[in-house]
Amino acid sequence: MRLGIFAVAAYLALWSTAGQALELTSPDVVNGATLKIAQVHSRCGGENRSPALAWSGTPKGTQSYAVTMFDSDANAGHGFWHWLVFNIPANAQGLPAGAGSETGLPGGAVQAQNDFGTPGYGGACPPPGSGPHHYTLTLYALPAATVPLDSKSTSAAIAAYLKAHALATATLTGIYQR
């Protein structure tokens with residue numbers, strides 16, 4: 001009888017987590033909605049503050065996380081990298097608002113240079129009249145504790161590594177236009 005109860009309990013535990021997917025949430029970015037002025041670059045009248053992020057549904061084997069923000073509408077569809085941070089420890093459950101300015105990042109996390117030419121977060125700042133731009137924040141769950149790249153690696157190299165090695169991803173997309 002005890003073996004039967006144990007088997008049922010084990011089955012229920014597996015069943016309850018089997019459908020759980022990596023999820024990314026933010027009090028600052030609502031999926032499909034206009035970005036707040038806090039997430040807009042100071043060059044465009046904003047506060048240039050990275051959004052607070054939280055995540056759940058970590059897949060088995062996750063050893064670290066990475067977060068990127070990419071504007072797919074910029075540069076005639078070639079895109080623009082606004083934020084690339086990796087080596088976020090596996091025990092992290094999110095990032096506080098403003099972490100992209102180097103304060104509030106967990107120890108060991110690395111921020112690469114964005115397409116503004118500076119390390120850290122660079123907020124939304126599309127050219128006037130270019131229509132709505134989509135800013136996709138992507139969370140990557142990774143199987144290695146450290147990514148074999150550094151802060152001087154190109155955004156293309158970082159993005160390629162993250163896409164090739166992710167155990168799972170989750171996204172949020174904010175919109176902004178001037």
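Two aromatic rings of Phe, Tyr or Trp, with the six-membered ring taken for Trp, are treated as a pair if their centres lie within 6.5 Å. By that criterion, a search of the whole structure, which is a predicted model, finds four aromatic pairs.

**Figure 1. Overview of the predicted protein chain, with two helices and eight strands.** Followed along the sequence, the elements of the protein chain come in the pattern α-β-β-β-β-β-β-β-α-β. The protein chain has 178 residues, of which 44% count as buried, and it exposes about 9,000 Å², with carbon and sulfur atoms supplying 58% of that area. When contacts between residues at least 6 apart in sequence are considered, 71% of them join residues at least 24 apart.

**Figure 2. Close-up of the tilted aromatic pair formed by F70 and W81.** The ring centres of F70 and W81 are 4.4 Å apart and the planes meet at 45°, so the pair is classed as tilted, given that planes under 30 degrees apart would count as stacked and those over 60 as edge-to-face. F70 belongs to strand β3 (residues 64-71) and W81 to strand β4 (residues 80-89), and the pair thereby links parts of the chain that are eleven residues apart. W81 has a relative accessibility of 11% and counts as buried, because the cut-off for a buried residue is under 20% relative accessible area.

**Figure 3. Close-up of the edge-to-face aromatic pair formed by W83 and Y121.** In this pair the distance from centre to centre is 5.5 Å, and the angle between the planes is 90°. W83 is found in strand β4, whereas Y121 is found in the loop between β6 (110-111) and β7 (133-142), so the pair ties together parts that are 38 residues apart in sequence. Both partners count as buried, W83 with a relative accessibility of 0% and Y121 with a relative accessible area of 5%.

**Figure 4. Close-up of strand β3 and its pairing with β4 and β7.** Strand β3 is mostly covered, with seven of its eight residues buried. Its pairing with β4 is antiparallel and runs over seven bridges, and within β4 the residue that stands opposite Y65 is I88. The pairing of β3 with β7 is likewise antiparallel, over eight bridges, and here V67 has L139 of β7 as its bridge partner.

**Figure 5. Close-up of the open sheet of three strands, in the order β1-β2-β5.** The pairing in this sheet is antiparallel. Strands β1 (23-25) and β5 (94-95) stand at the edges, each with a single partner strand, so one side of each is left without a neighbour in the sheet. Strand β2 (residues 53-56) pairs with β5 in the antiparallel sense over two bridges, and A54 has G94 of β5 as its bridge partner.

**Figure 6. Close-up of G122, in the loop between β6 and β7.** G122 counts as buried, at 0% relative accessibility. Although G122 and H41 are 81 residues apart in sequence, their C-alpha atoms are 6.0 Å apart in space. Leaving aside residues up to four places away in sequence, G122 touches H41, N48, M69, H82, N114 and F116.

Definitions and conventions. Residues are numbered from 1 along each chain as its sequence is written. This is a predicted model: local features need pLDDT of at least 70, side-chain atom pairs count only at pLDDT 80 or more; totals for chains, interfaces and linings use all residues. Side-chain values use heavy atoms; hydrogens and water are left out. Helices (H or I, at least four residues) and strands (E, at least two) are DSSP runs, numbered from the N terminus. Buried means under 20% relative accessible area, exposed over 50%, partly exposed in between (1.4 Å probe, protein chains only). Contact means heavy atoms within 4.5 Å. Accessible areas come from the Shrake-Rupley method with a 1.4 Å probe; for residues, only the protein chains shown count as cover. Two strands pair if DSSP finds at least two bridges between them.
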